[in-house]
Amino acid sequence: MPQPTHMEWQQIFIKDFDGAAALEIVVRTLIMFIFVLLLLRASGKKGVRQLSIFEVAIIIALGSAAGDPMFHEDDAIIPSLVVFAAILAFYRLLTWLAAKNEKFESVLEGDPVVIIENGEIVLNNKGKSPFAKDEFFAEMRGKGIEHMGQVRLGILETNGSVSFFYFPDEEVKPGLPVLPSTHTVECSEISEEGLYSCCYCGTTGPLHTGKHICKRCGQEKWAKSLNCPRIT
Ligand SMILES: [Zn+2]
């Protein structure tokens, strides 16, 4: 394959770019940025810590409409604004429909799902946890939860956050630690009798030495249970 010549490199990286073109890009970007801000304010949302899938779709559509006129000198700004108006109208219409009709809302946003109940992970009908455990373990640590026995109910919300409801201190029971594996005693063969929790579903009980298969999920990895109350 022949090496690109100096002219070809210039074509790839610079083309007709000069000071005037740079200034035009700066102005176009500024204008589009202001319009994006105005549109997001007009959407009625207060902040974007967590987005539902529906909102992510809107943002992607918006970003694509905003990006082109920033640096394509052939693209005028007004057509982009028409796209903006259409996106905003569409967003308003869908949220209005979702507020009117619960079925439509669950199609659009999904439904909250209970992932922890009485200190154990809720399994699907195949006996598996349908969620990325590490991710919501991190979420639990962020809320100051040390083990699952502290949690009465954990609900995965449609915006991706998890809501937790706790046992009062005197009702906390032994449960699966949610700490990183460096701070947990994990094993597949018990060498010391005691209380253990299944690493996959959180089922907790006394175990003798030797190997054990979890009656609830069929896995055979165990972690030493914790029983401390939650420090708030
Ligand atoms: Zn299990």
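The questions and answers below concern a predicted model and set its values against the criteria used to name its features.

Q: Why is the pair of F136 and F137 called edge-to-face?
A: Two rings count as a pair if their centres lie within 6.5 Å, and as edge-to-face if their planes are over 60 degrees apart. The ring centres of F136 and F137 are 5.9 Å apart and the planes stand at 80°, so both conditions are met and the pair is edge-to-face. A search of the whole structure finds 3 aromatic pairs.

Q: What makes F136 and F137 buried or exposed?
A: A residue is called buried when its relative accessible area is under 20%. F136 has a relative accessible area of 5% and F137 one of 8%, so each of these residues counts as buried.

Q: Why is N118 called partly exposed?
A: The term covers relative accessibilities between the limit for buried, under 20%, and the limit for exposed, over 50%. N118 has a relative accessibility of 39%, and therefore counts as partly exposed. This residue is found in the loop between strand 1 (113–117) and strand 2 (120–121), and takes a positive phi of about 50° although it is not a glycine. Most residues other than glycine have a negative phi.

Q: How do you know that the length of helix 3 agrees with its number of residues?
A: The expected span is 1.5 Å times one less than the number of residues. For the 19 residues of helix 3 (residues 53–71) this gives 27 Å, and because the end C-alpha atoms are 28 Å apart, the two values agree. Among the buried residues of helix 3 are F54, I58, L62 and A65, and the buried residues of this helix pack against helix 2 (19–42), helix 4 (77–100) and helix 5 (102–109).

Q: What makes R230 a charge over the ring of Y166?
A: The criterion asks, for an arginine, that CZ be within 6 Å of the ring centre and within 35 degrees of the ring normal. R230 lies over the face of Y166, at 3.4 Å from the ring centre, and the distance therefore falls within the limit of 6 Å.

Q: How do you know that strand 7 pairs with strand 8 and with strand 10?
A: Two strands pair if there are at least two bridges between them. Strand 7 (residues 194–198) and strand 8 (residues 204–207) have 4 bridges in the antiparallel sense, and strand 7 and strand 10 (residues 222–224) have 3, also antiparallel, so both pairings satisfy the criterion. S197 has T204 of strand 8 as its bridge partner, whereas C198 is bridged to W222 of strand 10.

Terms used:
Residues are numbered from 1 along each chain as its sequence is written. This is a predicted model: local features need pLDDT of at least 70, side-chain atom pairs count only at pLDDT 80 or more; totals for chains, interfaces and linings use all residues. Side-chain values use heavy atoms; hydrogens and water are left out. Helices (H or I, at least four residues) and strands (E, at least two) are DSSP runs, numbered from the N terminus. Rings of Phe, Tyr and Trp (its six-membered ring) pair if their centres lie within 6.5 Å; planes under 30 degrees apart count as stacked, over 60 as edge-to-face and the rest as tilted. Buried means under 20% relative accessible area, exposed over 50%, partly exposed in between (1.4 Å probe, protein chains only). Contact means heavy atoms within 4.5 Å.
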